[in-house]
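Let's walk through this model together, beginning with its aromatic side chains and then turning to one of its strands. Keep the 3D view open as you read.

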Amino acid sequence: MIKENVEKFLGEVPKTNPFGEKITVVAAVKMQTVEAINEAVLAGIEVIGDNHVQEFKEKYEDILGNPKRHFIGHLQTNKVKYLIGKTDLYHSVDRFGLAEELSKRSQKAEITSNILIQINIGNEESKGGFELDEVITAYEHVKNLPNLKVKGLMAMLPFIDDEVELKRLATLMRQAFDELKALDSDIEYLSMGMSGDWKLCVECGSNMIRVGTTLFGARNYN
Ligand SMILES: *Cc1c(COP(=O)(O)O)cnc(C)c1O
């Protein structure tokens, strides 16, 4: 089932967005078993994204096929140490304290960590991230921290049905991304889009989508 889902999904995702940028698919693997994740990788998934440090640690050694590893969930500062050197991209840098800890731990390990700055595009209380009008300030601050490389922006659109509003928000994210790109040639990724809204996000200029349900089926939270 997962194999079929992955093959079908990878067939549906366009190779590039309307800006001519390659689209990266990140499989959101929270609550999935090692077997399920390995099946997805075998079927063509090249990047997997974790939400929970505990799950990441438990499964880390058992993931086959050498996919790239991203961290996409809310990250507590005191758990950064478990991810350092094992994570190709941190999507969810939503506050300065986290950026500072990632920088400190990366210096210690003598590596550079790639990060995205998370923007709370819907101004939702339940979500982390900088406000849209803080993008440049946040970028300037984080960029100056040693051993970090800012690779772009990440956002989660609100769970609403209003397509016009969703497109407006996604387009605002793309404009902020373009603004950063003009400042810095390392800026490469706009991570935006999940199972329910990835098409709209890609149409508006996202080039990195994070999908779970579409690949693995509905998560069982019991
Ligand atoms: C779970 C999750 C996703 C994927 O959600 P689906 O709706 O299952 O595709 C994407 N991004 C983040 C940050 C997530 O936590």
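Trp198 has a relative accessibility of 6%, so it counts as buried, the cut-off being under 20%. Keep in mind that this is a predicted model. Phe9 is buried as well, because its relative accessibility is 2%.

These two residues belong to a wider set: searching the whole structure turns up three aromatic pairs. One of them is formed by Phe9 and Trp198, in an edge-to-face arrangement with 5.1 Å from centre to centre and 75° between the planes. Phe9 sits in helix H1 (residues 2–12) and Trp198 in helix H7 (residues 198–203), so this contact ties together parts that are 189 residues apart in sequence. Phe56 and Tyr60 also have their rings paired, and here the centres are 5.2 Å apart with the planes at 45°, so the pair is described as tilted. The label follows because planes under 30 degrees apart would count as stacked and those over 60 as edge-to-face.

How buried or exposed are the two partners of that tilted pair? Phe56 has a relative accessible area of 2% and is buried, whereas Tyr60 is partly exposed at 25%. Tyr60 has a charged companion too: the charged end of Lys86 sits over its ring, 4.8 Å from the ring centre. A similar kind of contact involves Lys57, whose charged end is placed over the ring of Tyr82 at 3.7 Å from the centre.

Now move to strand S1, which spans residues 24–28. Is this strand mostly covered or open? Five of its five residues are buried, so S1 is mostly covered. The cover extends to both faces: Thr24, Val26 and Ala28 are buried on one side, and Val25 and Ala27 are buried on the other.

Which strands does S1 pair with? Strand S8 (residues 208–211) is one partner, running parallel to S1 and linked to it over four bridges. Within this pairing, Val25 stands opposite Ile209 of S8. Strand S2 (residues 47–50) is another partner, also parallel to S1, with two bridges joining them. There, Ala28 has Gly49 of S2 as its bridge partner.

To finish, trace the chain from S1 to S2. Helix H2 (residues 34–42) joins S1 and S2 in making a β-α-β unit, and that unit is right-handed. Viewed with the strands pointing away from you, the path from the first strand over the helix to the second therefore runs clockwise.

Conventions:
Residues numbered from 1 in each chain as written. Predicted model: local features only at pLDDT ≥ 70, side-chain atom pairs only at ≥ 80, totals over all residues. Heavy atoms only, no water. Buried < 20%, exposed > 50% of the residue type's maximum accessible area, 1.4 Å probe, protein only. Pairing = 2+ DSSP bridges. Phe/Tyr/Trp six-rings, centres within 6.5 Å; stacked < 30°, edge-to-face > 60°. Lys NZ or Arg CZ within 6 Å of the ring centre and 35° of its normal.
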